[in-house]
Amino acid sequence: MLLRGLEAFATLGYDRASARELARRLGVGPTFINDRYGSKAAYWRAVVDAALGAQLAGMAQPTPGSADEDVVRQFVMEFYRVSIDEPYLAMLIADESTRDTERLDYLYERYIEPQLALVVPSIERLMAAGRMARVPMDIVFFAIIAPVSGLVQEPLARRLGSPEGMQQADRLARAEALAGLVVEGLLATRG
């Protein structure tokens, strides 16, 4: 139920995913969402908690004492891996990020901000040491986040030359290549 809800919210967006449409896609009666979860908003939170909780639980955490470059590299790779493992989650977050809503607050406070806190100290140290350009932190994160579209927006990716019918190992290899490109770009400094 929650996985099908994720797909519905990701493809329709919250506002177009009416309780009736959700019930239709879930194959349940029209009152299921309200009876089981109390409201569409509560169902959305349950969907997000299930999807993000599972993905973040599987994310490798930085190893204490790791070099700052390795912490950034691992963060970017894990973010991309999570995105290819659950593309509907990436789509939902991208969609919710375009509006200033309680749902975005929920995502940010519960999931995004705690993950960013794992890498911000490393980024700050790299900037202070001149190993990363000094730019506002939001710019750094948009440089990391935006390229994920190449991994999850398959119709556009195919038009740009991405092969059809890729297996998970192929997707992971592409995520690793993208992570390497992004991290090396972030760590490149003017000489």
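1. A residue counts as exposed here when its relative accessible area is over 50%, as buried when that area is under 20%, and as partly exposed in between. With that in hand, Arg24 is easy to place: its relative accessible area is 56%, so it is exposed. Keep in mind throughout that this is a predicted model.

2. Staying with Arg24, its salt-bridge partner is Glu21, and the closest N and O atoms of the two are 2.7 Å apart. Both residues sit in helix α2, three residues apart, so about one helical turn separates them. That fits the general picture: an α-helix has 3.6 residues a turn, so residues three or four places apart point the same way. The pair isn't on its own, either, since Glu21, Arg24 and Arg25 are linked in a network of salt bridges.

3. How many salt bridges does the structure hold? The count is 13. Two that I'd look at join distant parts of the chain, and they get a point each below.

4. Take Arg110 and Asp49: they form a salt bridge in which the closest N and O atoms are 3.8 Å apart. This one links helix α7 (residues 102-128), which holds Arg110, to helix α4, which holds Asp49, across 61 residues of chain. Neither partner is buried by the cut-offs in point 1: Arg110 has 48% relative accessibility and so counts as partly exposed, and Asp49, at 25%, is partly exposed as well.

5. Then there is Arg125 with Asp68, a salt bridge whose closest N and O atoms lie 2.8 Å apart. Here Arg125 in helix α7 is tied to Asp68 in helix α5, 57 residues away along the chain. Is Asp68 buried or exposed? Its relative accessible area is 16%, which is under the 20% cut-off, so Asp68 is buried. Arg125, on the other hand, is partly exposed because its relative accessibility is 46%.

6. While you are in helix α5 (residues 68-85), have a look at Asp70. At 40% relative accessibility, Asp70 counts as partly exposed. Its C-alpha atom is 42 Å from that of Tyr37, although the two residues are 33 positions apart along the chain.

7. Back at the start of the chain, helix α1 covers residues 2-12, and its buried residues are Gly5, Leu6, Ala8, Phe9, Ala10 and Leu12. What covers them? The covering elements include α2 (19-26), α4 (40-57) and α6 (87-96). Just past the end of α1, Gly13 adopts a positive phi of about 85°.

8. Last, the largest pocket, which has a volume of about 890 Å³. Its lining is made up of 29 residues, with Phe79, Ile93, Ser97, Ile112 and Ile145 lying nearest the centre. The elements giving two or more residues to that lining are α4, α5, α6, α7, α8 (137-145) and α9 (149-152). Which of them gives the most? That is α7, with six residues. As for chemistry, the lining divides into 23 nonpolar residues, five polar ones and one charged.

Technical notes:
Residues numbered from 1 in each chain as written. Predicted model: local features only at pLDDT ≥ 70, side-chain atom pairs only at ≥ 80, totals over all residues. Heavy atoms only, no water. Buried < 20%, exposed > 50% of the residue type's maximum accessible area, 1.4 Å probe, protein only. Helix = DSSP H or I, 4+ residues; strand = E, 2+ residues; numbered from the N terminus. Contact = heavy atoms within 4.5 Å. Salt bridge = Lys/Arg side-chain N within 4 Å of Asp/Glu carboxyl O. 1 Å grid on protein atoms, 1.4 Å probe; cavity = no way out; pocket = protein on both sides within 12 Å on 5 of 7 lines; lining within 4 Å. Points joined across faces, edges and corners; volume = space filled by probe spheres on them. Nonpolar A, V, L, I, M, F, W, Y, C, P; charged D, E, K, R; others polar.
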